[in-house]
Amino acid sequence: MHVSARRRGLSWQRLPLAQLLSALVLGLLALLSAGSGAMYSALLGGGVALLPTLYFLWRGLQVRDGRRPRTSVANFYQAAVGKFGLTVALFVIVFVSVPPSNPTFFFIAYVAAQSMHWLTPWLLRDRPTP
């Protein structure tokens, strides 16, 4: 298999990895600046952003061949609706069962992890290998 084709097959992993890294970095910054409660809140915020993304990738990439475009489009719509529903459910679960001790870090980590979507074109582009 050609190197660029193999790379395109694995490129979907870069977005969740970037979201995870952003949540971990913000969790570390929160720990250093405000303590363990803030770190826990930042990790919760990153998790609320990461889990729906993983669901979307799992559900949206089930049918990838070009022979069934209608099924592919239906999977993407179902994945988008499921991602939205899962995001709402996770927000409700977090704020009802485990209220974050520092909502500021929770929302900063959530927004930082979500903003990784803006970097998706850069994360997914093919780079020449040395």
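**Exercise 1. Ser 22**

Decide whether Ser 22 is buried or exposed in this predicted model.

*Solution.*
Step 1. Take the relative accessibility of Ser 22, which is 11%.
Step 2. Recall the cut-off: buried means under 20%.
Step 3. Ser 22 therefore counts as buried.
Step 4. Place the residue: Ser 22 belongs to helix H2.
Step 5. List its partners. Beyond four places in sequence, Ser 22 touches Ala 112, Ala 113 and Met 116.

**Exercise 2. The nonpolar patch**

Find which residues make the nonpolar surface patch, and which helix gives the most to it.

*Solution.*
Step 1. The patch is formed by Leu 17, Leu 20, Leu 21, Leu 24 and Leu 43. Its area is about 420 Å².
Step 2. Helix H2 spans residues 14-34 and gives the most, with four residues.
Step 3. Look at one member. Leu 17 lies in helix H2. Its relative accessibility is 48%, so Leu 17 counts as partly exposed.

**Exercise 3. Lys 83 and Tyr 55**

Work out how Lys 83 and Tyr 55 are placed, and what each one touches.

*Solution.*
Step 1. Lys 83 sits in helix H4. Tyr 55 sits in helix H3.
Step 2. Lys 83 has 17% relative accessibility, so it counts as buried. Tyr 55 has 26%, so Tyr 55 counts as partly exposed.
Step 3. Leave out residues up to four places away in sequence. Lys 83 then touches Pro 52, Thr 53, Tyr 55, Phe 56 and His 117.
Step 4. Do the same for Tyr 55. Its contacts are Gln 78, Ala 79, Gly 82, Lys 83 and Leu 86.
Step 5. Check C-alpha distances. Lys 83 and Leu 51 are 32 residues apart in sequence and 8.6 Å apart in space. Tyr 55 and Ala 80 are 25 residues apart along the chain, with 9.2 Å between their C-alpha atoms.

**Exercise 4. The cores**

Identify the residues of the largest nonpolar core and the helices that supply them.

*Solution.*
Step 1. This core has nine residues: Leu 44, Val 48, Ala 49, Leu 90, Phe 91, Val 94, Phe 106, Tyr 110 and Ala 113.
Step 2. Three elements give two or more residues to this core: helix H3 (36-60), helix H4 (69-97) and helix H5 (103-114).
Step 3. A second, separate core has seven residues, among them Ala 30, Ala 42, Phe 105 and Ala 109.
Step 4. Return to Phe 106, a member of the largest core. Beyond its neighbours within four places, Phe 106 contacts residues including Ala 42, Leu 44, Val 48, Phe 91, Val 94 and Pro 100.

**Exercise 5. The whole chain**

Describe the make-up of the protein chain, then say where the model calls for caution.

*Solution.*
Step 1. Count elements. The chain has six helices and zero strands. From the N terminus, the order is α-α-α-α-α-α.
Step 2. Check burial. Of the 130 residues, 35% are buried.
Step 3. Check the surface. The chain exposes about 8,200 Å², and carbon and sulfur atoms supply 72% of that area.
Step 4. Check contacts. Among those with a separation of 6 or more, 70% join residues 24 or more positions apart.
Step 5. Check confidence. The average pLDDT is 82, and 81% of the residues score at least 70. Over residues 1-8, pLDDT stays under 50. For that stretch the model has six contacts beyond four places in sequence.
Step 6. Draw the conclusion. Where pLDDT is low, the predicted coordinates should not be read in detail.

Definitions and conventions
Residues numbered from 1 in each chain as written. Predicted model: local features only at pLDDT ≥ 70, side-chain atom pairs only at ≥ 80, totals over all residues. Heavy atoms only, no water. Patch = residues over 30% accessible without salt bridge, like charges linked within 9 Å, V, L, I, M, F, W, Y side chains within 5 Å. Areas by Shrake-Rupley, 256 points an atom, 1.4 Å probe, with all protein chains shown as cover. Salt bridge = Lys/Arg side-chain N within 4 Å of Asp/Glu carboxyl O. Buried < 20%, exposed > 50% of the residue type's maximum accessible area, 1.4 Å probe, protein only. Contact = heavy atoms within 4.5 Å. Core = buried A, V, L, I, M, F, W, Y, C linked by side-chain atoms within 4.5 Å. pLDDT = per-residue confidence, 0-100.
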